[in-house]
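Here are a few exercises to work through with the structure open beside you. Try each task before reading its solution.

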Amino acid sequence: MKKGLLQKTIEDYLKSIFEIAEVESTVTTTALARKLHITPASVTEMVKKLDGFGYLHYTPYHGIQLTRQGAAYALKIIRRHRLWESFLYRILEYSWEDVHKEAEQLEHLMTDSLEEKIDRKLGFPEFDPHGHPIPSSSGKMPKAGSSKRLSQLRENDEAFVVQVSDSSEQFLKYVTRLGIRLEQKIKVKEKRDFDGSMLISIDGVEWNISREASEFIFVKK
């Protein structure tokens, strides 16, 4: 594997492991393979290499844990990814559903100097266009405050959108059609116990939304 390709692969793995660990108690090779869209066998082989490089600890059947070195590297790539998303959205006027795939490539090409200039140009943002926190240059995450999934609201609850998953371009296009954006007020008009779906109101317009979709929208009252 060529040096440049190896570096990109390492960065993709470390970032993905960090992101899975944020929502799952254990990072498995199966979950990592699913996120990276590659075979579990290939993941296991690469994870063993990263263990040897000192970026993580891997014990078969017990999951993957980033070392301090691995976590710091992952946060650096996450910071660059979210800065690129913010730059593309705010300066180049990309739509929020298009910035993720562009940032996936650009995050590997950013130098320390460019990172600093973009951060300064944007006014040192703490959150990206989807509401995800941007780590500081020292690796600290800004405090986002408490939030909950839209699916956790009850009938007649009202809340404001603070974060939307950017893992799927199609999902972002879907919520955009519903009028969902950051700081948008949502009211739950009806919640159906049999499947968890909801009837929600946005700016006076009512929409049906599935439980699955509402799991990826985070709100704060």
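**Exercise 1: a residue in its helix**

R79 lies in helix α4; helices here are DSSP runs of H or I with at least four residues, strands are E runs of at least two, and both are numbered from the N terminus. This is a predicted model, in which local features need pLDDT of at least 70, side-chain atom pairs count only at pLDDT 80 or more, and totals for chains, interfaces and linings use all residues. Residues are numbered from 1 along each chain as its sequence is written, and side-chain values use heavy atoms, with hydrogens and water left out.

Task: decide whether R79 is buried or exposed, and list what R79 touches.

Solution. Step one: the relative accessibility of R79 is 6%, so R79 counts as buried (buried is under 20% relative accessible area, exposed over 50%, partly exposed in between, with a 1.4 Å probe and protein chains only). Step two: leaving aside residues up to four places away in sequence, R79 touches E115, D119, I134, P135, S136 and S137 (contact means heavy atoms within 4.5 Å).

**Exercise 2: two helices crossing**

Task: describe how α4 and α6 cross, and say which residues make the contact.

Solution. Step one: two packed helices are described by the angle between their axes and the distance between the axes. Step two: the axes of α4 (residues 68-90) and α6 (residues 112-121) come within 10 Å and cross at roughly 45°. Step three: α4 and α6 are therefore oblique to each other (under 35 degrees is roughly parallel, over 145 roughly antiparallel, 65 to 115 roughly perpendicular, and the rest oblique). Step four: K76, R79, R80, L83, W84 and F87 of α4 meet D112, L114, E115, I118 and D119 of α6. Step five: sorted by type, the contact residues are 5 nonpolar, no polar and 6 charged (Ala, Val, Leu, Ile, Met, Phe, Trp, Tyr, Cys and Pro are nonpolar, Asp, Glu, Lys and Arg charged, and the others, Gly among them, polar).

**Exercise 3: positive phi in loops**

Task: find where H37 and Y61 sit, and check the exposure of each.

Solution. Step one: H37 is not a glycine, yet has a positive phi of about 60°. H37 belongs to the loop between α2 (29-36) and α3 (40-53), and with a relative accessible area of 70% H37 is exposed. Step two: Y61, also a residue other than glycine, has a positive phi near 70°. The loop between β1 (56-59) and β2 (63-66) holds Y61, which counts as exposed at 85% relative accessibility.

Key. Axes fitted to C-alpha atoms, helices over the stretch in contact; angles between N-to-C directions.
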